[in-house]
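Hi everyone, thanks for making time. I'd like to walk you through a structure, so have a look at it on the screen and follow along with me.

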Amino acid sequence: MNGSPLRELLDALAQGLAQPRHTWEAVTIFGALAAAWILARTVHYRVGARLSAAARAAVSLDVLQFSIEGVRRLAFPATALLLMWIGERVLRAVGLIASAADARLLRLAMALVGALALVRLLVYGLRRALLSVALIAAFERAIVLTAWTVCALYVTGVLSDVTAWLEATQIPLGKTTVSLWAVFTAVTTTLVSLLVAMWLGSLIESRLMATPGLDRNFRVVLGRIVRAILMLVALLASLELSGIDLTVLSVFGGALGVGLGLGLQRIASNYVSGFILLLDRSLRIGDLISVAGSLEKYYGTVTQINTRYTLLHAMDGTETVLPNEMLISLPVTNHSLSDRLVRLAVRVAIAYESDLDLALRLGQDAARSTARVLQDPAPATLLVEFAADGLLLEIGFWIADPEVGRLSVQSDVAIAIYKRYRDAGIAIPYPRRDIRVVSGSLPANDSHPRD
């Protein structure tokens, strides 16, 4: 720990900050931290006010919130770093610090604040690039642990020794050997490259989804293709920078092809089906569909079309995850592909003695007076059957929002019909059976009189 920043700090504390450079370094550090804290609080309030104003003005907040949220997170560490750097230059200019070795306290504080800025930046990038909360938590813990471990090694002065040990330790890899430092560098470069690619893909996808001139399915496909290309380029670039021969990937590609042909064909089929669904536009997000499954029928609104599955939101609040291959191979009824209008009907029976013309007119009036029922096409009442107990009527009507639900509007129309028929004296029959008993007839076992 000789010559380490921690030893310099302990020596300065032991001397009671007797040396002028130690005192001025401490003043510079605390002054920079206080000024950065005040500025960060100011930025926090200004950011909140700007977001509120943008929300009231109905401005899209995605990119705006991304930029100013990043400024708010980095305001304190970035400002503190800048002020400490300026303070070091000033102390050098006035002659209180002669070299970088005399500014170790400042360098220690700058390293800690820089680690804080790096952790905040990477965690915020993860929150923008990843949607899974579990993945974010895992990466966040790993980043924080790695950053503060490096800082601890730097403070204690053993970072150079650890680096030298990693470079000296060799791992056999086939006919060659590779150092632990090269492995660590390759893994770090790959993770950072993939993180940057995912962040850029998320940013581009959010901009594409906010573009009104493109079809929604096309925007989803284009965003996912861009993200996949960015991740592939980032992976290949990181492997090339790490010194890994890309020709060895041909063996991996062959193995992957065999795996897709044998065990992963269903998964691959779902991915391909997902892109087909997005490209042929037979299904769109927001469509109301019904799928005839082998065991039951699925009905609901399409809320997500992912690369592997499609999410269906039913009217009772349940959500069904349907594999994309199922939507390609099974019959799918799209109730809103070209026209969102849906015809519904309520059937009711009236007695044969009722006024048929009045019943037909009252049925139309009941449907017309119900909310959500369209006036064009107009409701219509039809006589559909001479049933055993009465005349069977069907009151048909159209709605333009089937995703809100069907049973509620059908119930409202049925209640309105019942009230109008009751007020008009139109009877709704119920099953009746007349039983006639012929006098003088006896059961077969009692046909002969007893003695």
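Let's start with one pair of residues: Arg-343 has Trp-398 as its bridge partner in strand S10. Before I go further, please keep in mind that this is a predicted model.

That pair belongs to a longer run of contacts. S8 and S10, which covers residues 391–399, run antiparallel and are joined by nine bridges. As a general reminder, strands in a sheet pair through backbone hydrogen bonds, in either a parallel or an antiparallel way.

Now step back to the whole sheet. What is the order of its strands? Reading across, we find S8-S10-S9, an open sheet of three strands with antiparallel pairing. S8 (342–350) and S9 (380–386) are the edge strands, each pairing on one side only. On average, neighbouring strands here are turned by 25° against each other, if we ignore direction.

Which helix packs on this sheet and touches S8, S9 and S10? That is H12, and its direction makes about 25° with that of S10. H12 spans residues 356–368. There is a second helix to point out, H13, made of residues 407–424. H13 lies across S8 and S10 and runs at about 30° to S8.

On to the charges. In general, side chains of opposite charge can pair when their charged atoms come close. How many salt bridges does the structure hold? The count is five, and I'll take you through some of them.

Back on the sheet, Arg-347 and Glu-394 meet through their side chains in a salt bridge, at 3.0 Å from N to O. This one links distant parts of the chain, with Arg-347 in strand S8 and Glu-394 in strand S10, 47 residues apart. Are the two partners buried or exposed? Arg-347 counts as exposed because its relative accessible area is 52%, while Glu-394 counts as buried because its value is 12%. Our opening residue comes back here too: Arg-343, Arg-347 and Glu-394 are linked in a network of salt bridges.

The next salt bridge sits within a helix. Arg-368 pairs with Asp-365, and their closest N and O atoms are 3.0 Å apart. Both residues lie in H12, three residues apart, which is about one turn of the helix. Arg-368 is partly exposed, with a relative accessible area of 32%, and Asp-365 is partly exposed as well, at 28%. Asp-365 has another feature you can check on screen: its C-alpha atom is separated by 9.3 Å from that of Ala-380, 15 residues away along the chain.

Then there is Arg-372, which forms a salt bridge with Asp-401, the closest N and O atoms being 3.2 Å apart. Here the pair links two loops: Arg-372 is in the one between H12 and S9, and Asp-401 is in the one between S10 and H13, 29 residues apart. Arg-372 is partly exposed, at 26% relative accessible area.

Finally, please turn to the other end of the numbering. A nonpolar patch on the surface is formed by Trp-24, Val-27, Leu-82, Trp-85, Ile-86, Val-90, Val-94 and Leu-96, with about 720 Å² of accessible area together. Helices H2 (20–56) and H3 (62–93) each supply at least two of its residues, and H3 gives the largest share, four residues. One of the patch residues is Leu-82, found in H3. Leu-82 counts as partly exposed, because its relative accessibility is 48%.

That's my tour, and I'm happy to take questions!

Note on methods: Residues are numbered from 1 along each chain as its sequence is written. This is a predicted model: local features need pLDDT of at least 70, side-chain atom pairs count only at pLDDT 80 or more; totals for chains, interfaces and linings use all residues. Side-chain values use heavy atoms; hydrogens and water are left out. Patches are made of residues with over 30% relative accessible area and no salt bridge: like charges are joined within 9 Å, nonpolar side chains (Val, Leu, Ile, Met, Phe, Trp, Tyr) within 5 Å. Accessible areas come from the Shrake-Rupley method with a 1.4 Å probe; for residues, only the protein chains shown count as cover. A salt bridge is a side-chain nitrogen of Lys or Arg within 4 Å of a carboxyl oxygen of Asp or Glu. Buried means under 20% relative accessible area, exposed over 50%, partly exposed in between (1.4 Å probe, protein chains only). Two strands pair if DSSP finds at least two bridges between them. Axes are lines fitted to C-alpha atoms, for helices over the stretch in contact, and angles run from 0 to 180 degrees between N-to-C directions. Contact means heavy atoms within 4.5 Å.
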